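Visitor: Can you walk me through this one? I'd like to start with a helix.

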Amino acid sequence: MTSDRLFVYGTLMRGFDHPMARLLAGHADFLGEATCRGRLVLVKHYPGLLLSDVPSDRVHGELFHLGVPDELLRELDMYEACGEGFPAPTEYLRRLVDVTGPDGATAPAWTYIYNWPVTDLPRIESGRFLDH
């Protein structure tokens, strides 16, 4: 299964003055605010998404439609250091997750899942990176 949608929850969101956020904004259509099931931790100056089976665990972010998904995802994979050639285990993994969009419909979208130990990382209880 694949998707031409991307769910972002951290420094790739609109409003961040970061080259990769600008790349995404310039090559994808913003669909609106969205959520997925998961927990958010503060890694350093950026967050990490952890998958969760608990229905009340929600991460808030933004949903984009990618104009040229393969090319854009390849660039973002390199930024997230999980692209081809990075040694395992990579800090992030790109995975399809069910995302609830602004219209209330749930469909799969790509996102980046945090893949390193989280023992001492603080949780962002609200599930919103901007709240930390």
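**Helix α2 and its two sides**

Guide: The face of α2 turned away from its buried side carries Asp-70, Glu-71 and Arg-74, which are exposed. Exposed means over 50% relative accessible area, buried under 20%, and partly exposed in between (1.4 Å probe, protein chains only). Helices (H or I, at least four residues) and strands (E, at least two) are DSSP runs, numbered from the N terminus. This is a predicted model: local features need pLDDT of at least 70, side-chain atom pairs count only at pLDDT 80 or more, and totals for chains, interfaces and linings use all residues. Residues are numbered from 1 along each chain as its sequence is written, and side-chain values use heavy atoms, with hydrogens and water left out.

Visitor: Which residues of α2 are buried?

Guide: Leu-72, Leu-73, Leu-76 and Asp-77 are, in the helix that spans residues 69-79. They sit on the same side of α2, because they cover an arc of only 140° around the axis. The arc is that of the directions from the helix axis to the C-beta atoms. An α-helix has 3.6 residues a turn, so residues three or four places apart point the same way.

Visitor: What covers the buried residues of α2?

Guide: The cover includes α1 (19-27) and the strands β1 (5-8), β2 (28-37), β5 (58-66), β6 (92-100) and β7 (106-114).

Visitor: An Asp among the buried ones? What does the side chain of Asp-77 make a polar contact with?

Guide: The side chain of Arg-94, at 2.8 Å. A polar contact is a pair of N or O atoms within 3.5 Å; within protein, one must be able to donate a hydrogen and the other to accept it, and residues adjacent in sequence count only if both atoms are side-chain atoms. Asp-77 counts as buried because its relative accessibility is 10%. Leaving out residues up to four places away in sequence, Asp-77 touches Cys-82, Gly-83, Arg-94 and Tyr-112. Contact here means heavy atoms within 4.5 Å.

Visitor: Where is Asp-57?

Guide: In the loop between β4 (47-50) and β5. Asp-57 is buried because its relative accessibility is 9%. Its side chain makes a polar contact with the side chain of Ser-52 (2.6 Å). Beyond four places in sequence, Asp-57 touches residues including Cys-36, Arg-37, Arg-39 and Arg-123.

Visitor: Switching to cysteines. How many disulfides does a search of the whole structure find?

Guide: Zero. The cut-off is a pair of cysteine sulfur atoms within 2.5 Å. For Cys-36, the nearest cysteine sulfur is that of Cys-82, 16 Å away. Cys-36 counts as buried, at 0% relative accessibility. Cys-82 is buried too, with a relative accessible area of 18%.

Visitor: And the core? Which residues touch the most other members?

Guide: In the largest nonpolar core, of 36 residues, they are Leu-6, Phe-7, Tyr-9, Leu-24, Leu-76, Val-99 and Tyr-112. The largest share of this core, five residues, comes from β7. A nonpolar core is a set of buried Ala, Val, Leu, Ile, Met, Phe, Trp, Tyr and Cys residues joined through side-chain atoms within 4.5 Å. Among the contacts of Tyr-112 beyond four places in sequence are Leu-6, Leu-73, Leu-76 and Asp-77.

Visitor: Last one, the backbone. Which peptide bond is cis?

Guide: The one from Ala-88 to Pro-89, with omega near -5°. Pro-89 lies in the loop between α2 and β6. Ala-81 lies in the loop between α2 and β6 as well. Its phi is near 60°, a positive value in a residue other than glycine. Ala-81 counts as partly exposed, at 26% relative accessibility.
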